[in-house]
Amino acid sequence: AAKKAAEEEAAKKAAEEEEEAKKASEEEAAKKAAEEEAAKKAAEEEAATTAFQAAAANKAEKLQAMRRKKAIEEDERRQAVVAENAKKIARDLEIQKQKRKAVLETWTEGYQRDEELIARVQEAKRKREEEAREAEAKAQEAREAMERALAENEAAAASAAAAPAAASTPAEEGAGEQSAE
């Protein structure tokens with residue numbers, strides 16, 4: 001009976017050990033399954049993170065490309081405005097140039113007219129002065145001729161007065177009057 005009890009006790013102990021081994025094996029399997037699940041979950045999270053990072057990088061790249069495109073468009077718009085302003089400035093400068101040219105031509109024409117008028121006035125003045133000199137020369141010649149005539153008349157009158165008054169005849173007196181004239 002003691003032997004039987006010891007066998008039962010050993011069998012019970014073996015059954016308990018087997019139960020514990022089974023339990024340990026189940027725990028190990030559960031632990032392994034949990035580890036596999038955790039590894040699977042970590043791999044999924046890693047894949048999700050990688051996908052999220054790729055999507056974020058893609059979005060950032062698209063955003064950067066959009067910003068570059070906008071910057072290029074803005075730069076092109078600014079260049080178009082600058083070119084339009086340059087054209088407008090060039091047109092304004094050309095208009096100012098034409099106006100200055102017209103003013104200069106008008107001024108030049110006016111100056112030429114003034115020069116011609118001054119030349120005509122100077123020519124008229126020169127002619128008047130020349131005519132005045134000629135008139136003065138003629139007047140001087142007339143005065144000199146008159147003075148000579150007067151001197152001749154005085155000489156004739158003096159010679160007539162010196163001739164004897166008694167000897168004078170009417171013909172001589174007429175001749176004396178003519179020379180006096």
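**Reading a long helix, feature by feature**

Biologist: I have found Ala142 in helix H1, and I would like to begin with this residue; what is the relative accessible area of Ala142?

Modeller: Before any value is read, please keep in mind that this is a predicted model. The general idea is that a residue counts as buried under 20% relative accessible area and as exposed over 50%, with partly exposed in between. Ala142 has a relative accessible area of 45%, so this residue is partly exposed.

Biologist: How far apart are Ala142 and Ala57 in sequence and in space?

Modeller: The two residues are separated by 85 positions in sequence, and from C-alpha to C-alpha the distance in space is 123 Å. The overall dimensions can be read alongside that pair, as the C-alpha trace of the protein spans about 240 × 20 × 5 Å along its principal axes.

Biologist: What radius of gyration does the protein have, and what would a compact globule of 181 residues have?

Modeller: The protein has a radius of gyration of 73 Å, whereas a compact globule of 181 residues would have one near 16 Å. As for the secondary structure, the protein holds two helices and zero strands, and one of these helices, H1, covers residues 2-162.

Biologist: What share of the residues counts as buried, and how much accessible surface does the protein have?

Modeller: Of the 181 residues, 1% count as buried. The accessible surface comes to about 16200 Å², and 57% of that area belongs to carbon and sulfur atoms.

Biologist: Let us turn to the aromatic side chains; how should a pair of rings be read?

Modeller: A pair of aromatic rings is described by two quantities, namely the distance between the centres and the angle between the planes. The count for this model comes to one aromatic pair. That pair is made by Trp107 and Tyr111, whose ring centres lie 5.4 Å apart with 10° between the planes. Planes under 30 degrees apart count as stacked, and the pair of Trp107 and Tyr111 is accordingly stacked.

Biologist: Where do Trp107 and Tyr111 lie along the chain, and which class of accessibility does Trp107 fall into?

Modeller: Both residues belong to helix H1, and they are four residues apart, which is about one turn of the helix. Trp107 reaches 55% relative accessibility and so counts as exposed, while Tyr111, at 42%, counts as partly exposed.

Biologist: Which residues form a nonpolar patch on the surface with Trp107 and Tyr111?

Modeller: Leu104 joins Trp107 and Tyr111 in that nonpolar surface patch, and the three residues together have about 370 Å² of accessible area.

Biologist: Now for the charged side chains; how many salt bridges does a search of the whole structure find?

Modeller: The idea is to look for a side-chain nitrogen of Lys or Arg within 4 Å of a carboxyl oxygen of Asp or Glu. By that reading the search finds five salt bridges.

Biologist: Which salt bridges does Arg126 form?

Modeller: Arg126 forms a salt bridge with Glu123, with their closest N and O atoms 2.4 Å apart. Arg126 also forms a salt bridge with Glu130, and there the closest N and O atoms are 2.8 Å apart. Glu123 and Arg126 are three residues apart in helix H1, so about one helical turn separates them, and Glu130 and Arg126 lie four residues apart in this helix, also about one turn. As for accessibility, Arg126 is partly exposed at 37%, Glu123 is partly exposed at 33%, and Glu130 is partly exposed at 32%.

Biologist: What is the partner of Arg143 in a salt bridge, and which residues are linked in a network?

Modeller: Arg143 forms a salt bridge with Glu136, the distance between the closest N and O atoms being 3.2 Å. Arg143 is partly exposed at 36% relative accessibility, and Glu136 is partly exposed at 47%. The network of salt bridges links Glu74, Arg77 and Arg78.

Definitions and conventions. Residues are numbered from 1 along each chain as its sequence is written. This is a predicted model: local features need pLDDT of at least 70, side-chain atom pairs count only at pLDDT 80 or more; totals for chains, interfaces and linings use all residues. Side-chain values use heavy atoms; hydrogens and water are left out. Rings of Phe, Tyr and Trp (its six-membered ring) pair if their centres lie within 6.5 Å; planes under 30 degrees apart count as stacked, over 60 as edge-to-face and the rest as tilted. Buried means under 20% relative accessible area, exposed over 50%, partly exposed in between (1.4 Å probe, protein chains only). Patches are made of residues with over 30% relative accessible area and no salt bridge: like charges are joined within 9 Å, nonpolar side chains (Val, Leu, Ile, Met, Phe, Trp, Tyr) within 5 Å. Accessible areas come from the Shrake-Rupley method with a 1.4 Å probe; for residues, only the protein chains shown count as cover. The radius of gyration is taken over C-alpha atoms; the globule rule is 2.2 Å times the number of residues to the power 0.38.
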